[in-house]
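Colleague: Could you take a close look at one part of this model for me, starting with the backbone, and then walk me outwards from there? I'd be glad of one connected account.

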Amino acid sequence: MTEKSRFEIVREGARKDGIEIVHYESQFAPGSKTENRMVRIVAFFFLLSGFAGLAFVAAYVWWPFTDFPSVDGWEYAPGNSPMKGFTPILGLTLGVTLLALGLGILTWGKKLMPHEIAIQERHVGGSSPEERKLTGNTLAFIGQEFGLSRRPLLKVALAAPAAGLGAAALAVPVGMLIKDPHHPDIFFTTGFNPVNNNGKPVRLMREDNTYIRPEDVSVGGQITAFPATADGHGASNKYADSPVLLIHLRQQDADHLRGQLQNHSQNKLQNPSDPNSGGMYGNLVAYSKICTHAGCPASLYEQQTNKLLCPCHQSQFLITENARPVFGPATRRLPMLPIGLDEEGFLYAKSDFGGVPVGPAFWEKPEA
Amino acid sequence: MKRRKLDVKQLPAKVAGEVDDRFHAATPLRGILNKVFPDHWSFLLGEIALFSFIVLLLTGTFLALFFEPSMQEVVYDGSYTPLRGMHMSRAFETSLELSFDVRGGLIMRQMHHWAALLFMAAIVIHMCRIFFTGAFRKPRELNWILGMLMFWLGFLEGFAGYSLPDDALSGTGLRIASAIMLSIPIVGSWVTTSLFGGEFPGEIILERFYILHVFLLPLVLLTLITVHIGLVFIQKHTQWPGPGRTNNNVVGERFVPRYTIKQAGFFMMVFGVIALMGGLFQINPIWLFGPYEAAVVSAGSQPDWYVMFLDGSTRLMPAWEIRAFGYTIPPLLWPTVVLPGILTVVPMLYPWIEARFTKDRGHHNLLQRPRDMPERTGFGVASITFYLVLALSGGNDVIADKFHISLNAMTWAGRIGLLVLPPLGYYLGRRIALGLQQHDREVLAHGVETGIIKLLPNGQYVEVHQPLAPVDDHGHPEQLPYAGWTVPKKMNRLGALGPAIKGFFKPAEPASPPKTPPALPAKDKDKVH
């Protein structure tokens with residue numbers, strides 16, 4: 001052994017594991033100019049990495065961003081300021097630290113370490129028949145040791161804890177999580193339901209909790225309206241299914257829509273001589289903003305064509321034909337919120353979308 | 001008593017001896033150190049996913065120290081002045097604090113997001129490599145399935161993380177997710193209300209997603225990653241065919257040191273690239289999107305890239321609603337529940353489907369080049385085409401806007417393209433594979449084109465070919481077998497050009513004669529495929 005070089009010992013050890021090192025060669029002659037050059041390159045990368053790391057720490061500590069280490073009373077200044085450079089300088093210095101370290105390590109491994117080709121035998125296929133037989137019988141014997149086939153009562157008895165424990169394990173998480181969607185019937189009510197306003201009809205309001213008068217919406221214009229609920233949170237995500245788009249149609253479009261509505265069971269004129277006796281008030285009409293396809297707010301209103309487009313999946317609804325889906329994946333009309341004018345001159349919801357569920361369809365949703 | 005002098009030189013050997021006394025580690029340790037790994041750039045794609053995952057764990061831990069997944073409504077009064085006075089959830093407020101008040105918080109957020117995108121991208125590219133080279137064949141079917149599972153787990157993990165800041169985009173994504181759950185027949189509404197704890201959005205969903213995102217899903221992913229790599233270790237990595245490489249051996253480098261050190265360097269490179277991206281490229285600027293409000297969405301809102309194909313399938317789906325016996329099956333079900341279901345099950349079964357067609361049930365440790373399996377390549381190109389049509393359709397509104405195309409035309413182009421382009425992809429992929437294979441065979445039979453034109457006595461011009469095999473007495477080259485590996489096609493590849501000279505301004509050393517390739521043992525040479 002003493003005469004053998006260490007490499008020979010390594011080679012012998014590898015052979016014991018079925019590995020043959022068939023080729024092992026330094027890429028440069030030891031001490032040659034090219035090798036020294038490589039050593040200098042590796043050292044350069046490591047030095048660069050170290051300096052970039054120090055630069056990262058310096059930037060992290062001293063670059064003006066927050067009132068480091070205390071952040072009280074600090075304000076972000078929009079516009080051009082050195083603050084804008086903080087994250088980029090951190091990324092740049094950290095990136096250089098890591099990349100230079102990586103390049104240094106890679107150059108060391110790829111260039112300075114001897115190149116080798118080793119061949120390891122690979123065992124193809126399963127174990128030997130002998131081994132399979134031994135293990136297979138061991139497994140089969142374990143089954144025998146339980147003796148279930150000889151003791152049928154145990155087989156039956158074992159089902160009891162399996163069923164009981166399984167049911168218990170299922171019951172707790174399911175019981176914890178489960179929420180009945182129909183008691184109360186949350187899919188069929190929105191913030192415009194009078195229960196949210198102490199039983200009184202719910203007014204329409206803007207996001208800033210101010211009520212809306214008909215003259216607030218100019219002809220051809222539209223605003224997003226929310227339910228003016230008693231709790232004052234009508235515009236919050238608590239009533240995420242409630243926002244409507246209140247549109248002031250031009251005269252001929254409004255007449256067209258009123259004519260269209262006569263073919264529908266809901267929102268048509270109750271009294272043909274009174275244009276406000278249907279779902280519209282004057283030329284104002286309110287449609288649910290929640291797309292009937294996937295629930296995004298259908299909020300892009302094209303004034304010239306009276307089409308409402310949902311930016312998520314491009315469903316398009318033709319408002320003048322009672323929000324009929326005319327393009328895209330949506331299959332259902334946007335539900336109309338019937339509106340009227342109360343004695344103080346504010347718009348209010350005559351009913352909660354006439355009981356039509358708002359938003360995406362589901363299994364038990366009735367035909368609308 | 002005389003104190004024994006500590007012999008520093010003997011210390012490592014002494015410690016190693018003590019360790020082995022206790023753990024009997026010498027033999028297994030040597031086996032691991034010497035284990036041979038084949039090397040090829042394409043084997044490093046999966047590593048990018050692994051390294052991104054490590055960066056995700058590191059940056060994610062930092063973020064978790066400052067983020068609160070609370071949906072409690074607050075009025076913002078923080079350091080980002082444009083949003084002061086806005087109503088928002090505590091989750092969004094802490095995300096803003098992470099971006100503006102926590103020193104270095106923004107780069108951590110951005111690195112986390114970029115690493116997630118890179119993680120998913122590396123998984124997909126790695127999967128393409130496995131598919132096109134046939135690395136999923138027996139005995140590696142289980143690892144193929146694990147990879148597929150990890151893609152979908154990563155998908156869910158990414159979606160949960162995307163939802164957490166509760167900005168306008170993530171809230172819209174959650175709204176669509178709730179609509180997708182609603183579309184499931186029979187139990188849809190029950191599943192939705194149970195998950196959200198009532199009506200969308202409720203007050204609990206972010207806390208549930210948070211525990212999924214920071215604990216459950218990473219734990220499952222980490223376990224699967226460990227099994228995935230463990231199986232590669234046990235089953236040994238596949239290798240490309242080549243001189244000395246057979247189905248029964250692995251030709252490469254020993255695990256330690258050169259292979260390991262290259263991996264360590266590569267990890268630093270991936271980490272460094274993520275750091276550069278996190279610092280220099282802005283991603284998910286939630287302060288510009290604002291908090292989630294049910295009534296607000298902007299045009300051009302796209303999900304993260306790995307969700308885009310499902311967004312696209314949803315956009316392309318025709319408005320077909322099924323109503324029967326008073327119940328509804330919404331059109332949303334098909335592109336978002338049924339399609340992902342098919343895209344999970346069919347690829348998982350693919351190894352067995354292919355084995356059924358090829359009637360090949362053998363063990364395969366040698367990879368195939370895409371050209372050597374034209375049908376599989378064609379099928380792969382068709383699948384990628386299908387995917388690309390869907391992914392592009394996920395951004396069809398942006399394309400329509402930037403290129404001044406009608407949005408409806410984009411949707412129709414997507415619908416038609418989804419049916420027409422994949423078969424075309426299959427045809428082209430298969431023809432290109434066959435053509436490349438044919439050319440390899442041609443070079444093996446006739447040699448490399450030299451570019452030298454010869455005028456024959458009869459006036460005919462012919463190009464001189466350099467045979468790859470020795471020629472017999474009549475000048476005819478020996479027949480070379482087709483080995484499924486690279487065939488040299490240029491004279492330079494045959495050594496017609498001298499070796500590269502090292503040095504920057506001047507040669508570092510006088511040029512050395514070209515090296516001869518290392519000789520391999522004769523018994524391996526004979527076994528070439």
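Modeller: Happy to. Let's start with Pro257(B), which sits in helix α10 of chain B, residues 255-280. Do keep in mind that this is a predicted model. The peptide bond between Val256(B) and Pro257(B) is cis, with omega at about 5 degrees. Chain B has another cis bond, joining Lys138(B) to Pro139(B), and there omega is about 10 degrees. Pro139(B) belongs to a loop, the one linking α5 (105-133) with α6 (141-163) of chain B. These are worth a glance because most peptide bonds are trans, just as most residues other than glycine have a negative phi.

That brings us to chain A, where Ala323(A) has a positive phi of about 55 degrees, though it is not a glycine. Ala323(A) is in the loop that runs between β9 and β10 of chain A. Those strands belong to an open, antiparallel sheet of four, ordered β7-β8-β9-β10 in chain A. The edges are taken by β7 (300-302) and β10 (324-327) of chain A; each has a single partner strand, so one side of each lacks a neighbour in the sheet. From one strand to the next, the twist averages 30 degrees. Three bridges hold the antiparallel pairing of β7(A) with β8(A), residues 307-309, and Glu302(A) faces Lys307(A) of β8(A). Chain B comes in here too: its helix α16, residues 407-446, packs on the sheet and touches β8, β9 (316-318) and β10 of chain A. The direction of α16(B) makes about 70 degrees with that of β10(A).

Now for the wider meeting of the chains. In total, 105 residues of chain A contact 112 residues of chain B. The two chains bury about 9200 Å² between them, 62% of it on carbon and sulfur atoms. Three salt bridges are found across this interface. Arg332(A) forms a salt bridge with Glu321(B), with 2.7 Å between the closest N and O atoms.

Back within chain B, one helix pair rounds things off. Helices α8 (188-196) and α9 (205-235) of chain B have axes that come within 8 Å and cross at roughly 85 degrees, which means that α8(B) is roughly perpendicular to α9(B). On the α8(B) side, the contact uses Ser194(B), Leu195(B) and Phe196(B), while α9(B) supplies Ile205(B), Arg208(B) and Phe209(B). By type, the residues of this contact are four nonpolar, one polar and one charged.

Definitions and conventions. Residues numbered from 1 in each chain as written. Chains lettered and ligands numbered in written order. Predicted model: local features only at pLDDT ≥ 70, side-chain atom pairs only at ≥ 80, totals over all residues. Heavy atoms only, no water. Pairing = 2+ DSSP bridges. Helix = DSSP H or I, 4+ residues; strand = E, 2+ residues; numbered from the N terminus. Axes fitted to C-alpha atoms, helices over the stretch in contact; angles between N-to-C directions. Contact = heavy atoms within 4.5 Å. Parallel < 35°, antiparallel > 145°, perpendicular 65-115°, else oblique. Nonpolar A, V, L, I, M, F, W, Y, C, P; charged D, E, K, R; others polar. Buried area = accessible area lost by both parts, 1.4 Å probe. Salt bridge = Lys/Arg side-chain N within 4 Å of Asp/Glu carboxyl O.
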